Amino acid sequence: RREASRALVGLQEDVLRTGSVSYQQVVAALRACGQLRDWERALAIFDFCRANRDFPEVQMHNHLILALSRSSRLDLAKEAFSNMTAANITPNEHTFGSLMKGYAIAKDWAGALACLEDMTEAGIPHNMVVCVLALDACANAGRAREALEVFNSMVGAGLRPSLAAHNAVISACVSGDQLLSAQLILRHMREAGLVPARQAVMSVMLGLHRRGQHAQAVALLKEAVEAYTRRHKGVCPDVAMFTLAMRAALAMGEPEEAVELSNTCLRLGVPPDEVFYTTRIKAVGAAQGSLRALAVLDRMRSKGIPPNVVHYGAALSVCQAEGAADEALQLLRRMEVEGVAPNVFCYTSVIACQCKGTKLDAAEELLAEMLRQGVKPNSVTMTALLYGYARARDVEQALGTYKR
């Protein structure tokens, strides 16, 4: 943006000082207007140059249309295109590419496809740039079928789809709920020697996870890891991909698998983040017990990542599942020492642990502590107490808790 601003200032200074300006300066200024989304200045520069300078008409229109498109003014870009053709100025492939940029930004898939048809009628072959932008427009609008048609037409026309084209059509398939097609394209990419972008693989994994196809999501992560470690192809999966695969493994009821995935992430040197550790705590707790889950908190501290209330909440949930009342209470006190304020979920987990162990006095003390700290109990908190009194067959206290 600084370079763009300098280009505009330089143009203005030269005009004021010498009254002249070069074609290169005008092109740089129009590009700058697009980067800064300054469509009004782009129009002013264009009008000034057309009135006072003899510059190539087609290129000037192309740069204006691109500046307007980048400024999210598709309406003005289309108007500039119409004015261009009305003046008998023949558009070229760069003109259509500039206009297609506007359709992609506006998510106007129908306009993008119409633009491709206009190119064909004008006798201009589709190139990779306009096809990728058309795919982007379809992807942004979630139009999987149309994106696949564009992709297949590229192949039929002898264009070898680029990495960007593959990524765009995969994104369209995922947003359009065509996950099988997205998986097939991923496979086609690997067979063609192309390395899928992390975001493309991640989007397919996320789509599979949301549809409950957790095993396939985990398999995609493992394929990416294998390609990176054994075949020396591609890029290492990032922490978000590992975390999603861990969540998918937990959703399948396979915490051991989730732990192994997290170990692989650490072994590859992928920098963990807070969300990763939250998932790792849950996985280790489910697979190996509360004590090992608490050890993850210590590892976080050693790595310079102080546990927050979400991490403690995950560890307390593990304690709750085991009924580890003493460990849960100790963890709550550790939070206080480290200056992490427990929320309602943390207190509820500790109270539920006490109730499972029939330590109802301790549970009542924790409830009173919550209220003193200004943490309002919810229905889950009170239900945990009710279960505790039900287990103890203390009807009077159960009714009292119900009234509260």
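This is a short talk on a few local features of the structure shown above, covering its aromatic rings, one pair of helices and two single residues.

Let me say at the outset that what we have is a predicted model, and that every value I quote is computed from it.

I will begin with the rings. When the whole structure is searched, two aromatic pairs turn up. One of them is formed by Phe276 and Tyr277, whose rings are arranged edge-to-face, with 5.5 Å from centre to centre and an angle of 75° between the planes. As for their surroundings, Phe276 has a relative accessibility of 0% and therefore counts as buried, and Tyr277, likewise at 0%, counts as buried too.

Staying with aromatic side chains, there are also places where a charge meets a ring. The charged end of Arg73 is positioned over the ring of Trp39, at 4.3 Å from the ring centre, and Arg143 lies over the face of Trp109, where the distance to the centre of the ring is 4.1 Å.

Now to the helices. Which residues bring α11 and α12 into contact? Before I answer, the geometry: helix α11 covers residues 179–191 and helix α12 covers residues 198–210, and their axes come within 10 Å of each other while crossing at roughly 145°. The crossing of α11 past α12 is left-handed. On the α11 side the contact is made by Leu179, Ala182, Gln183 and Leu186, and on the α12 side by Val201, Val204, Gly207 and Leu208. Sorted by class, that contact holds six nonpolar residues and two polar ones, with no charged residues.

A residue from another helix brings us back to this part of the chain. Asn167 belongs to helix α10, which spans residues 163–175, and if we set aside neighbours within four places in sequence, Asn167 is in contact with Met189, Pro196, Ala197 and Ala200. Is Asn167 buried or exposed? Its relative accessible area is 18%, and because the cut-off for buried is under 20%, Asn167 is classed as buried.

My last residue is Glu322, which is found in helix α18, residues 309–322. With a relative accessible area of 44%, Glu322 is partly exposed. Not counting residues up to four places away in sequence, Glu322 touches Gly285, Gly289 and Ser290. For the last of these, Ser290, the separation from Glu322 is 32 residues along the sequence, whereas the two C-alpha atoms are 7.4 Å apart in space.

Terms used. Residues are numbered from 1 along each chain as its sequence is written. This is a predicted model: local features need pLDDT of at least 70, side-chain atom pairs count only at pLDDT 80 or more; totals for chains, interfaces and linings use all residues. Side-chain values use heavy atoms; hydrogens and water are left out. Rings of Phe, Tyr and Trp (its six-membered ring) pair if their centres lie within 6.5 Å; planes under 30 degrees apart count as stacked, over 60 as edge-to-face and the rest as tilted. Buried means under 20% relative accessible area, exposed over 50%, partly exposed in between (1.4 Å probe, protein chains only). A charge sits over a ring if NZ of Lys or CZ of Arg is within 6 Å of the ring centre and within 35 degrees of the ring normal. Axes are lines fitted to C-alpha atoms, for helices over the stretch in contact, and angles run from 0 to 180 degrees between N-to-C directions. Helices (H or I, at least four residues) and strands (E, at least two) are DSSP runs, numbered from the N terminus. A crossing is left-handed if the near helix is turned anticlockwise from the far one by less than a right angle, and right-handed if clockwise. Contact means heavy atoms within 4.5 Å. Ala, Val, Leu, Ile, Met, Phe, Trp, Tyr, Cys and Pro count as nonpolar, Asp, Glu, Lys and Arg as charged, and the others, Gly among them, as polar.
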